[in-house]
Amino acid sequence: MFKFLRVPEKIFGLVMWLVSLAFATFLIGLGGKVVADLPRLGDRVTIDDYVTPRDALPALRSELRTLEPRVRDAATRQQQGRLALDSARNAYNAARATHQNWLATRTATTDPSQDPEVIRRTRELDELKSRERQAQVSMEAIEREQLDLAQRADALRVRESDLLRDAQAAFQRAQFWQELRVFGARLALTLPLLVIAGALWARKRGSDYWPLHRGFVLFAVFTFFVELVPYLPSYGGYVRYTVGVIATAIVGHYVIKAMRRYLAQRQAAAKQSEAERRHALSADAAVKKLAANVCPACERAVMTTDKAPANFCVHCGLKLFDECGNCHTRKNAFFHYCPSCGSVGAGQTA
Ligand SMILES: [Zn+2]
Ligand SMILES: [Zn+2]
């Protein structure tokens, strides 16, 4: 589209776009900072805040936490107790085996001088048996403690899940309002931007400061899609689809209006005289359209029959080509100067 513009115009056009983009980028950065500093808006509500009574859950959890080291400690002591019990039991079993061998010898030899020794060894065996029993008892105590701890922890967990279940309804309500609040705040920030952008788009297109206004429009569009759309509450898709329907209706309304305006212009142009229409056209735009083989006035294709020169639009009668008044070269009727001899002014009808 830049083909028929002068070179500096092309460069200025490009630079203006860069200005628009840079302006939009800085505005987006600034807007991001503002949104990030919004007071406490992003805080997510948690279900813990809706447990009643309020201090029940922390108390319960801290008790669970104090149980944990005791459970670990009991497990360690259980292992140690089991080792002690095993070694006591082994010691007793070994001593009893020796004792039985010894008794067998005593019965075989029937030597009465050995009786005090029998009594001593029996006492030793009793001593070992009582140690094994002690180990057994302390082991049972540890296991009872473990069972108590496990039961208490289970009861606490059941109570915790009961509390959380009771808080569920209130939490969901709070979540709903939180989403709505966040969306409302973002809408309050974004809506004025969108309104201003719409006004700029409608009023300022083509003005000297349009590149800056265009930057602002880009910023507003970006903000809409990034800062607002993702925060639309869904409500099962109702809001999203409703917004889609409204947006499409608005866009459709403006497209239809623009098309009607364009058709009306073309109809009005068709009623004007050839001279009036020629006068209304800008020479640059006309040269551009004619180079694309399109009539500058009615925008339909330039046509002709066989080899007849296409001097007039066959649809609307606009003069497209004429002859230089000086050298009679056939030329574009919108050229300011004759391309052959350079003489000024409108040529004669070919
Ligand atoms: Zn035409
Ligand atoms: Zn000429």
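Author: Before we start on this predicted model, one term is needed: two residues are in contact if their C-beta atoms, placed from the backbone, lie within 7 Å.

Reader: OK, so how much of the contacts with a separation of 6 or more comes from residues 24 or more positions apart?

Author: In this chain, 58% of the contacts with a separation of 6 or more join residues that are 24 or more positions apart.

Reader: And how many helices and strands are there?

Author: The chain has seven helices and two strands, and, reading from the N terminus, the order of elements is α-α-α-α-α-α-α-β-β.

Reader: Is the chain a compact globule or more spread out?

Author: It is more spread out than a compact globule, because its radius of gyration is 49 Å, well over the 20 Å that the globule rule gives for 350 residues. Along the principal axes, the C-alpha atoms fill a box of roughly 165 × 50 × 35 Å.

Reader: What domains does it have?

Author: The domain assignment gives domain 1 (47–184), domain 2 (234–271) and domain 3 (282–332), and the centres of domain 1 and domain 3, taken over C-alpha atoms, are 103 Å apart.

Reader: Switching topic, what share of the residues is buried?

Author: Buried residues account for 11% of the 350 residues in the chain.

Reader: Which residues are in the largest nonpolar core?

Author: That core has ten residues, among them Ala286, Leu290, Phe312 and Phe334. If neighbours within four places in sequence are left aside, Ala286 is in contact with Leu281, Pro296 and Phe334. There is also a second, separate core of seven residues, including Leu193, Ala197, Val217 and Ala220.

Note on methods: Residues are numbered from 1 along each chain as its sequence is written. Chains are lettered from A and ligands numbered from 1 in the order in which they are written. This is a predicted model: local features need pLDDT of at least 70, side-chain atom pairs count only at pLDDT 80 or more; totals for chains, interfaces and linings use all residues. Helices (H or I, at least four residues) and strands (E, at least two) are DSSP runs, numbered from the N terminus. The radius of gyration is taken over C-alpha atoms; the globule rule is 2.2 Å times the number of residues to the power 0.38. A residue is buried if 20 or more other C-beta atoms lie within 10 Å of its own, exposed if 12 or fewer, and partly exposed in between; C-beta atoms are placed from the backbone. Domain bounds come from an automatic or database domain assignment. A nonpolar core is a set of buried Ala, Val, Leu, Ile, Met, Phe, Trp, Tyr and Cys residues joined through C-beta atoms within 7 Å.
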